[in-house]
Structures are given as C-alpha cells and as structure tokens.
Amino acid sequence: MFGFKKIKAVTQLTLEPPKPSAGRQGLAIVLIVKDEEQHIEEWVAFHLAAGVAHFYVYDNGCTDQTLARLVSVAGVKATIVPWDQKLWDARSGAELHNQVLAYAHAIRNFGSGHRWMSFIDADEFLVPKAQADLPSCLAHLEDEACVSLPWHMFGRNGFETPPQGGIVANYTQRHPDPLDPKGVCNFKLILDPCRVTSMGVHIAQCDQRDCTVNDSGAQATSQTRRDPSFYSADFIQLNHYYTRSNSELEAKINRGSNMRHDQDAHRRKVMANVARVEGEGVEDRFAQNWFAARR
C-alpha cells in the first residue's frame, strides 16, 4: 500500500529588496489582523507612544470593528490593505503562507521609505527599555539589518474573562526564560526592509546572509540565536500576550490558524503551549509602568 506524503507549505519567500528612498527614516510595523476590536486601540496607542511612524495593516477578513477602531487612533499613520485569501501552488498543492505573503508585499511596496520595519501580531508589544522610544533604542544598531527579539510569553494570569483596563495593565506574569528549550521559544524581527532578501514569519535573510543580532548587537544565525548566551532584552523587550483571558484563548483556538489545519490538532498544540507558558512564572511590570507613565 502506498502512503501519501504531506505537502509542506511555502513559508519562506525570496525577494528583491526595494531601493531606499532619499531621507528614509523611522520604524514601521506590519500587522496582519482579524477580529481584534477589543484590544486594537490599546495596541496602536502603545506603539504610537513608543515612536512607531506608520502601521501597514493587512486585513485578513475582519468582520468586526477592528479596522475602524485602529484608524480612530492611528489616523493617517495607518494604511489598510485587503488581504483575505488562501492560495495554493497549482502544481504541488503547497499552501502559500498568507502572513509571509503580506510581509513580503509590505517590504516591496512600502519598505523603501523606512529605516526599520517590524513584523508582529496584535497580541505582541514592542517595549522600549533603554530609551524613551523604539527608534532611540535602535540607534546603536544603525549598521545592522536584522534584529531578533525573543518572545516573553505571558499567560492568562487567572482571568476567565477580559479584565477592565486592558492587556498591559493586567497581564504581569510571564514565563521566566524566553530561551528555555522546554518553553515556547521563538523570535520576531525588526529589519532593514531595503536589505531583506528572504522573508518568513520568524526568520529572514538580509543581503542573502543568515545573520542576525540581538538588541545589544551580538551576532548569531537563525539556529544559534536559541543559545542562552544570545539572550538580551536590554534595549527592547517583545511581550507576547499569548493567551490573554481564558475566554479569549478559547476564541483564539476556535478562530484557528492562519494555515489549513486539523482543528483538534490545533487545540492540542495551543493548549500544550499554554501549559509550558504557565508552568512557572515571574512578575514583569515593566511594560505596565512604562505605558502608565505615558498615558
């Protein structure tokens, strides 16, 4: 009997980077989003306070007020791109990762005007630590092209339903070790869009090289960055509020992955991650205190 080989999705794209515009500057965020109306205003306000110059928002089929609320805060600093699609290669049947397609599109079409682009989700917050804003925290990395920031994973903090006051003020317990191999370890990126030659969700190449730095400037590759010696959050910390409340976790599971998936397998994977995140915790109020001081 012959078996069937599972076809891998296309999760990495090679591209020709855009040419830099004269006077390009600042940090832009690229976001692909679906139905995040409850928290999107806080997310935008936080990153505006942190010095983000523009938001490129890829609408993955929102059916609620996410986009209206986002624009109500960001105004002209938001560009909305319709992006509700699932695509496959006609020959192989391999699914094209919609999030990666959005990131590559943003680099090619909007990247030329920005010194930096970051690619994060609506449950992820870039927290300035060493300076007042994110561009200042990146100033010492002016010669670099690819900055890897490890997830700092926050769990439910005992909330069954969304608490009053938002995400940053309430979720203060996280897993203690972002690079724990038994935890949920991954990275998101801040890139020079005019040097990106290969793009994925968690990995990129710039100048056709597999080379990245942490926020302090120490170098690694996409594989060696998982070594504990690479860890740094001295300048910028990436907070990933993975679950938020239990009811929101259930909604997240029911909403499903960005890719085709088996729903039961998806639930098992998410809940296994939750168990690892919440297995032990430390208190982390840095983002809470930083945001409160600016509100």
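Axes here are lines fitted to C-alpha atoms, for helices over the stretch in contact, and angles between them run from 0 to 180 degrees between N-to-C directions. The structure is a predicted model.

## Helix pairs

On that basis, helix H6 (residues 246-255) and helix H7 (residues 263-278) have axes that come within 9 Å and cross at roughly 145 degrees. The crossing of H6 and H7 is right-handed. H6 contributes Leu249, Glu250, Lys252, Ile253 and Asn254 to the contact, and H7 contributes Gln263, His266, Arg267, Val270, Met271 and Val274. Sorted by class, the contact of H6 with H7 has five nonpolar, three polar and three charged residues.

Helix H1 (residues 40-49) and helix H2 (residues 66-74) have axes that come within 8 Å and cross at roughly 30 degrees. H1 is therefore roughly parallel to H2, given that angles under 35 degrees count as roughly parallel. H1 passes H2 in a right-handed crossing. From H1, the contact takes in Ile40, Glu41, Val44, Ala45 and Leu48; from H2, it takes in Thr66, Arg69, Leu70, Ser72, Val73 and Ala74. By class, the contact of H1 with H2 has seven nonpolar, two polar and two charged residues.

H1 also packs against H8, at an angle of about 75 degrees and with the axes 10 Å apart. This makes H1 roughly perpendicular to H8, the range for that term being 65 to 115 degrees. The H1 side of the contact consists of Glu42, Ala45, Phe46 and Ala49, and the H8 side of Ala287, Trp290 and Phe291. These residues divide into six nonpolar, no polar and one charged.

## Surroundings of H1

The buried residues of H1 are Ile40, Glu42, Trp43, Val44, Phe46 and His47. They pack against strand S2 (27-33), strand S3 (54-59), H2, strand S8 (124-128), helix H5 (167-170) and helix H8 (286-294). Ile40 and Val44 also belong to the contact with H2, while Glu42 and Phe46 belong to the contact with H8. After H1 comes Gly51, with a positive phi near 95 degrees.

## Strands

S8, one of the elements against which the buried residues of H1 pack, is mostly covered, with five of its five residues buried. Glu124, Leu126 and Pro128 point one way from S8, and Phe125 and Val127 point the other way. In a regular strand the side chains alternate between the two faces of the sheet. S8 pairs with strand S16 (residues 236-241) in the antiparallel sense over five bridges. In this pairing Val127 stands opposite Gln237 in S16.

Elsewhere, three strands form an open sheet in the order S1-S12-S13, with antiparallel pairing. Strand S1 (13-14) and strand S13 (204-206) are its edge strands, each pairing on one side only. Strand S12 (residues 196-199) pairs with S13 in the antiparallel sense over three bridges, and Met199 stands opposite Ala204 in S13. Helix H3 (residues 98-110) lies across S1 and S12 and runs at about 165 degrees to S12.

## Loop residues

Most residues other than glycine have a negative phi, and most peptide bonds are trans. Asp207 has a positive phi of about 55 degrees although it is not a glycine. Arg244 likewise has a positive phi of about 55 degrees and is not a glycine. Pro181 is listed with these two for its loop position.

| Residue | Loop between | Relative accessible area |
|---|---|---|
| Pro181 | S10 (173-174) and S11 (187-191) | 77%, exposed |
| Asp207 | S13 and S14 (212-213) | 37%, partly exposed |
| Arg244 | S16 and H6 | 7%, buried |

The cut-offs explain the wording: buried means under 20% relative accessible area and exposed means over 50%, with partly exposed in between. Pro181 counts as exposed because its relative accessibility is 77%. Arg244, at 7%, is buried, and its loop joins two elements described above, S16 and H6. Asp207, at 37%, is partly exposed and lies in the loop after the edge strand S13, between S13 and strand S14.

Pro181 can also be placed relative to Trp151: the two are 30 residues apart in sequence and 13 Å apart in space, C-alpha to C-alpha.

Definitions and conventions: Residues are numbered from 1 along each chain as its sequence is written. This is a predicted model: local features need pLDDT of at least 70, side-chain atom pairs count only at pLDDT 80 or more; totals for chains, interfaces and linings use all residues. Side-chain values use heavy atoms; hydrogens and water are left out. Helices (H or I, at least four residues) and strands (E, at least two) are DSSP runs, numbered from the N terminus. Angles under 35 degrees count as roughly parallel, over 145 as roughly antiparallel, 65 to 115 as roughly perpendicular and the rest as oblique. A crossing is left-handed if the near helix is turned anticlockwise from the far one by less than a right angle, and right-handed if clockwise. Contact means heavy atoms within 4.5 Å. Ala, Val, Leu, Ile, Met, Phe, Trp, Tyr, Cys and Pro count as nonpolar, Asp, Glu, Lys and Arg as charged, and the others, Gly among them, as polar. Two strands pair if DSSP finds at least two bridges between them. Buried means under 20% relative accessible area, exposed over 50%, partly exposed in between (1.4 Å probe, protein chains only).
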